[in-house]
Amino acid sequence: MSIHIEKAFVKQFEADVHLAYQQMGTKLRSTIRSKSGVIGSSTTFQRVGKGLANTKSRHGLVPVMNLNHEPIECPLSDYYAGDWVDALDELKTNIDERRVVASAGAYALGRKTDELIISALNTANQEIGDYDSGLTKELVLEAIGVLNKKDVPDDGRRFAVVGVKQWNDLLSMEEFTSAEYVGDNLPFVSGTETKKWMGVIWVLHNSLPGSSDETDCFIYHSSAIGHACGQDVKSDISWHGERAAHFISNSMSQGACLIDAEGIVRVKCGEE
C-alpha cells in the first residue's frame, strides 16, 4: 500500500468534515451574529446606540443622530480534534467508515463552537425564574416581556435555547404543539429540531449551564451575541512512518462574545 493518500481522498475527506460540521456539528452558530474570514487574533463588533428623529426648518440642516458606537472585542482561539488511522486498518476501510471519522472530528469542533456561544450567553445579567419549577407559559411570557420592554426587535430573529426537560415542558403545552397556534411553516436551523412560537425560534440543546436539578435556558436576539471565525473547519492528513499510520487533524479558529446584554434573558428552570 502506498504511504501517500490520494489528493482526491484528502479533498473528499475535508468536504465530508465541513458538511458534517454545518449539518450536525453546531446548532447555534446560525442563530447569532457571525463574522467569517477574520484576520488576526481578534475582531471587533460594533454596538450601536439608539437614534432620535427630529424636525428641521425649511432649507435647514438635517439633524444628526450622533449614534453611540461601542466597539466590542471578540478574541479568537485555536481548537483541534485529531485521530490516528492505522495503515492496515485503511485497507479495510470503505467510504462509510471514512465519513464516520470525518463526522467525529466535525462534531467535536461543532460542540466547541456551541460551547463558546453558550459561554457568551451565560454572561447575561437579565434573569427570571427561581429553579423551583419547569418551563411554563408564564415564564415564557415574562421573558418575552423583558425583551419587549428593552425595545429588542421582534423581527423574526429572536431565538430560545432550552434543555431536554424544558423541551418536554413545551411539548406539553397545546399552544406550542398545535398547528392552530404555531402553524406548519417551521424554520430550519443547522439540522436540529426547532419550532417557531410567539415570534421566537426554539432550539433544543443538551449542553446548557446548570446542574442535575437546575438548568439555565436563554431567550435572545441574534444580534446580542457575536461569533467570529478566523478559520472554518479544516482537515489535514499526514503520514507517520514510525507509527505506520496517518494522523487526521481537524482544526478551526473561532471565538464568541457578548454584544448587548439587554438582548438576552436567562430563564432559570428546575429539572424536577
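1. A small definition to begin with, since the strand partners below rest on it: two strands count as paired if DSSP finds at least two bridges between them. With that in hand, here are my notes on this predicted model.

2. First, the overall inventory. The protein chain holds seven helices and twelve strands. Of its 272 residues, 42% count as buried. The accessible surface comes to about 14800 Å², and carbon and sulfur atoms own 50% of that. If you care about contact order, note that among contacts in the chain with a separation of 6 or more, 80% are between residues 24 or more positions apart.

3. Now to the six-stranded sheet, which takes up most of this note. This sheet is open, its pairing is mixed, and the order reads β5-β12-β9-β6-β8-β7. At the edges sit β5 (127-128) and β7 (194-197), each of which pairs on one side only. Helix α4 (residues 137-149) packs on this sheet, with contacts to β5, β6 (158-162), β7, β8 (200-204), β9 (214-221) and β12, and the directions of α4 and β12 make an angle of about 165°.

4. A word on the β5 edge. Strand β5 runs parallel to β12 (residues 264-270), and two bridges join them. Here Ile-128 has Val-267 of β12 standing opposite.

5. Strand β6 deserves a look of its own. How many of its residues are buried? Five of five, so to speak: β6 is mostly covered. The cover reaches both faces, with Arg-158, Ala-160 and Val-162 buried on one side, and Phe-159 and Val-161 buried on the other.

6. The neighbours of β6 are worth following in your viewer, with Ala-160 as a handy landmark. Towards β8, the pairing is parallel and has five bridges; Ala-160 stands opposite Trp-202 there. Towards β9, the pairing is antiparallel and has four bridges; on that strand, Ile-219 is the residue opposite Ala-160.

7. Next, helix α5 (residues 164-171). This helix lies across β6, β7, β8, β9 and β12, and runs at about 130° to β8. Which residues of α5 are buried? They are Gln-166, Trp-167, Asp-169 and Leu-170. These four are on the same side of α5 because they cover an arc of only 155° around the axis. As for what they pack against, the partners are β6, α6 (174-177), β7, β8, β9 and β12.

8. Finally, the four-stranded sheet. This one is also open with mixed pairing, and its order is β1-β10-β11-β4. Its edge strands, pairing on one side only, are β1 (33-36) and β4 (77-86). From one strand to the next, the twist averages 25°.

9. Within that sheet, which strand is joined to β10 by 13 bridges? Strand β11 (residues 245-258) is, and it runs antiparallel to β10 (residues 225-240). To find the pairing on screen, start from Trp-239, whose bridge partner in β11 is His-246.

Notes:
Residues numbered from 1 in each chain as written. Predicted model: local features only at pLDDT ≥ 70, side-chain atom pairs only at ≥ 80, totals over all residues. Heavy atoms only, no water. Axes fitted to C-alpha atoms, helices over the stretch in contact; angles between N-to-C directions. Buried < 20%, exposed > 50% of the residue type's maximum accessible area, 1.4 Å probe, protein only. Contact = heavy atoms within 4.5 Å. Areas by Shrake-Rupley, 256 points an atom, 1.4 Å probe, with all protein chains shown as cover. Arc of directions from axis to C-beta.
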